[in-house]
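Here's a quick tour of a two-part story: how a pair of chains meet, and how a sheet is put together. Have a look at the model first.

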Amino acid sequence: MNLLGLAQRNVRGNRFRSAVVFLCVLGLAGFFLSTTLIIRGAETSLRRGLDRLGADLLVVPSGAEAVVESALLMGQPTSVWMPGELVDRIKSLPGIAAVSPQLYLTSGDVLVVGFDPASDFTIQPWLRQESKSLGKGEVILGAGVNSTTGNFNIAGQSLVIKGRLDGTGGALDMAVFVNLDTAAEMRKVVPSDGTAPTPAGSYSAVLVKVKPGIDISKMALYMVQEIMGISPIQSPQMFAWFRDQMNGLLWGFITILSIIWVLAAVAIGLVFSMVTNERRRQIAVLRALGATRAFIFRSLLAEALILGTAAAIIGIVLAAAGVYLFSGQVSSTIGIPFLFPSLSSLASLLAVSLAMALVTVALAAFVPVFRVSRLEPAIAMRE
Amino acid sequence: MTKILGIVILVLAVAVAVLPQFTNCQYEGKAITTAAGTTVPMKCLWTARAEIAVGVPLLAVGAIMMVSRRRSLKISSGIMGIVLGAFAIALPEGLIGVCSSAMPCNLVMEPALLYMGSIITTASLVGLVMAVRSKDKEL
């Protein structure tokens, strides 16, 4: 009988103990992959959202930073607004390359983003060429908005669909994009959060691009000094509350993972200690028959690795499928947007999870296996 | 091994029958209001009801796979498990369907049925292959 055959027989021989090791590794690999996927998915979504925003500064009414960020990131309704003349004042500041106002409205579950196609530099670059002239009564849909026909009905209007954006995993997937004329019509019937409609000519936020070579932080400070009632948010600091939440989540996951890791390693180590103790005589017979210490060591380690590999693969498949299918629920439960990582990124995560599970099994089993492989046959037989 | 597969199918069969009853839009208090003012249940409710008809025979499949020692019974329960698992998936995915993407049934019920249906189908397939390859004699 070869080494693998012996290991397989031993796995089948003690089903309960094999099941304990199997479940420990399955849980460990599955939890490791699912937490990594959630954190990576949130990061991917945040990065994609920031790329999509494409502005150096997001100028919002003073005190409304969190509200606007919530609208952009989680699609929560907002009724904040600032007067339209502020856009001209921002535009007139030295060092400003481009300014584009946006208006956020909410109808049911859909976030409506009104933008100015003439000055826009954040939404249209993501569209195909033919969709770039967005007129009144036309709409661009986010990736998650369903529509089976060529028209999209919202707030009593039937809008012609002109294009669709790629998914970001955030609220922008559930958003529809219209020009400011269409938004102005909708503003009459769509209350932003169930309260009074925003006044005509007002905007929710202004996206700003500064000229090359201009320090963005200094420009933000200058804006606050020059124009009262606005709050510029720098792109890298955008969604700061979301990053805080994600950091908290990450530390929570790391803590739980560490506990699970230690418990799983201890349980696997204990099981292998019991297994090796029980088999002392059997191992002694093998040694007396001419099996080397290395053969004994390898056969016991192979047993651990066979169990570990099978359990880790099943755990990884179940976890990946679970996170993929329940991504919507995960996102709404923990309050962060989520985008499933790309295939290449996923492949590397799967490999890391598998390797982590196997290393844990090998390390946990190493000490008892090593000890029993050093056993003197004569002593073991006398016991 | 087929005992373990039987237990997995048995547990998931209960979940397939019960979980949709508490995760559909009607249970969450959502319904369609017609122009006449009456409320009509959304289609996810009918999917949830139909899943009971899938879950109950799946219980039998799991039980047979768990206790039976007859090769032919194991083979037929494996085939039944595959078909019923596929139905558990097909009901929300196409045969009846669920509501639009922003509705509650889309967040839990549909992915859960897809997840459980896939595991049931896979477990039944493994059980079937094992039964076909086994050398057990007919009792």
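## Where the chains meet

Put chain B and chain A together and about 930 Å² gets buried between them, 67% of it on carbon and sulfur atoms. Buried area here is the accessible area (1.4 Å probe) that two parts lose on being put together, summed over both. On chain B's side, helix H5 (residues 109–133) gives the most to the surface touching chain A, with 5 residues. Helices (H or I, at least four residues) and strands (E, at least two) are DSSP runs, numbered from the N terminus.

In terms of contact (heavy atoms within 4.5 Å), 11 residues of chain B touch 14 residues of chain A. The rule turns up 0 salt bridges across this interface, a salt bridge being a side-chain nitrogen of Lys or Arg within 4 Å of a carboxyl oxygen of Asp or Glu.

## What the model is

This is a predicted model, where local features need pLDDT of at least 70 and side-chain atom pairs count only at pLDDT 80 or more, while totals for chains, interfaces and linings use all residues. Residues are numbered from 1 along each chain as its sequence is written, chains are lettered from A and ligands numbered from 1 in the order in which they are written, and side-chain values use heavy atoms, with hydrogens and water left out.

## The sheet in chain A

Chain A has an open, mixed sheet of 9 strands, ordered E5-E6-E4-E7-E3-E2-E8-E1-E9. Two strands pair if DSSP finds at least two bridges between them. Strands E5 (151–154) and E9 (230–234) of chain A sit at the edges with a single partner strand each, so one side of each has no neighbour in the sheet.

Strand E1 (residues 57–61) of chain A runs antiparallel to strand E8 (residues 205–210) of chain A, over 3 bridges. Val59(A) has Val206(A) in E8(A) as its bridge partner.

## Helices on the sheet

Helix H4 (residues 85–92) of chain A packs on the sheet, touching E1, strand E2 (96–107), E8 and E9 of chain A. Its direction makes about 155° with that of E2(A); axes are lines fitted to C-alpha atoms, for helices over the stretch in contact, and angles run from 0 to 180 degrees between N-to-C directions.
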